[in-house]
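Here are a few exercises to work through with the structure open beside you. Try each task before reading its solution.

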Amino acid sequence: MDNPASNDVRTTPSDRADGRAILDDGETRPAAPACPAGLIGGAAYAGASGPPLMIIEGLKRIFRPGERPAVNGVTIDVYEGELLALLGPSGCGKTTTLRMIGGFEQPDAGRILMRGTDITHLPPEKRGIGFVFQDYALFPHLDVFENIRFGLHNLPRKQAEARVREMLELVGLSDLSRRKPHELSGGQQQRVALARTLALAPPLVLLDEPFSNLDAAMRVETRQEVRALLKEAGSAGILVTHDQEEALALADRIVVMEAGKVCQVGTPDEIYRNPVSSFVASFIGRSNIITGKAQGLGAETPFGRVELSKAVNGTVDLAVRPEQILLEPHAEGEAEVIGREYRGHDQLYWVKKGERRLLVISGPAEQIEIGARVNLRVCDCVVPINQDIQALIAE
Ligand code: ADP
Ligand code: MG
């Protein structure tokens, strides 16, 4: 089909290898720095019932002198019982951050406090933190029961076995306790790995891309299970993922990372509705980046007047979500439909107005043919995302 998505990079400016944002007018300009000052957000966890479980301050890791740090001043608070997702593209430093938290990697700067105690230089086994490895790291020659019991060697035998049974029940594998790992599905192996970690009742569990070995359907099912299990066990979790959908679906709060830095912290809703940069706007969901002249809570754009989420004055870059644009078929419409993708629950359209292209998502009901003329209407508040947005805030 005629699907111009592959060359319509405006909706994903972060895809460009040179890091330049591509704007609606086809021009490029340097992308905003990964971490515009003062824009990080950093909303505390609304479910917090006390001080943070863990305070991570200015964590830094440089693998090769002279090169850009893999992790460059990461600061995060993690609250008791909270599920936090570290989200960002491949290579942005998520795993390195997680490994430093777990004690498998030493930071070059920064510190980690757990319930007020500095654990920065403690070995992993002294931190009381659970770790679920990407490949689950189950012992192939031990059955499910023995795999879970493995970490409990400090407990008297009876007590350890009772704890294993409790964990088997928690993860719903009591009937499979004598199976070996290779006799289990990927999702079941995942649950064994989690049960083994949770058996030690760690206040915090680290999970690195825990669903990457599962097929798509299994992933969706398993991620809600994992969330429920962590919540039931009362353990906080830090989960690394490059999959924005996973982070949105699973996390209490999301930490968005780019190039070793944190660019935004917030609830899934905050991050989606109020991205602080074109990078966040395009990495989490998709966005059309358009330019407008703002005055207060409104802006004039090539697509008509739009309402803004905050009052600003001056030339602004705006992140318009594809679902915020309505297509109105009209014989003399301002734009032309140049591509369409039917997805069952909705449809993607690519429309062209002059030299500008936009991505639009609309419901499945009305189908507009390729080549049809349409008018465009932005039907919701849009978010200004200039890197110097503070300077433009209206009084
Ligand atoms: P992510 O998990 O976000 O994909 P990583 O934390 O694995 O990213 O890697 C961040 C950067 O650090 C990458 O550029 C990667 O190549 C580099 N890196 C990671 N581990 C090492 C290592 N042990 N030695 C050298 N470079 C590394
Ligand atoms: Mg990784």
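**Exercise 1: a helix and its surroundings**

Task: Compare the expected span of helix H4 (residues 186-198) with the distance between its end C-alpha atoms.

Solution: This is a predicted model. Start with the 13 residues of H4: at 1.5 Å a residue, they should span 18 Å. Next, take the end C-alpha atoms, which are 18 Å apart, so the two values agree.

Task: Decide whether H4 is largely enclosed or not, and find what packs against its buried residues.

Solution: First list the buried residues of H4: Gln189, Gln190, Arg191, Val192, Ala193, Leu194, Ala195, Arg196, Thr197 and Leu198. That makes ten of the 13 residues, so the helix is largely enclosed by the rest of the structure. Then look at the partners: the buried residues pack against strands S8 (129-132) and S9 (204-208), and against helices H2 (144-149), H3 (157-170) and H5 (216-233).

**Exercise 2: the core**

Task: Find where the largest nonpolar core lies relative to domain 1 and domain 2.

Solution: Begin with the members, 97 residues, of which Ala85, Val255, Val256 and Val351 touch the most others. Strand S14 (residues 304-320) supplies the largest share, seven residues. Both domain 1 (4-32 + 287-392) and domain 2 (54-273) contribute residues, so the core lies between them. To zoom in, take Ala85: leaving out residues up to four places away in sequence, its contacts are Leu239, Thr241, Ala247, Leu250, Ala251, Ile254 and Val255.

**Exercise 3: the ligand shell**

Task: Sort the shell around ligand 1 by class.

Solution: Collect the surrounding residues: Phe63, Ala70, Gly88, Ser90, Gly91, Cys92, Gly93, Lys94, Thr95 and Thr96. Sorting them gives three nonpolar, six polar and one charged.

Definitions and conventions
Residues numbered from 1 in each chain as written. Chains lettered and ligands numbered in written order. Predicted model: local features only at pLDDT ≥ 70, side-chain atom pairs only at ≥ 80, totals over all residues. Near = placed C-beta within 6 Å. Nonpolar A, V, L, I, M, F, W, Y, C, P; charged D, E, K, R; others polar. Core = buried A, V, L, I, M, F, W, Y, C linked by C-beta atoms within 7 Å. Buried ≥ 20, exposed ≤ 12 C-beta atoms within 10 Å, placed from the backbone. Helix = DSSP H or I, 4+ residues; strand = E, 2+ residues; numbered from the N terminus. Domains from an automatic or database assignment. Contact = placed C-beta atoms within 7 Å. Expected span 1.5 Å × (residues − 1).
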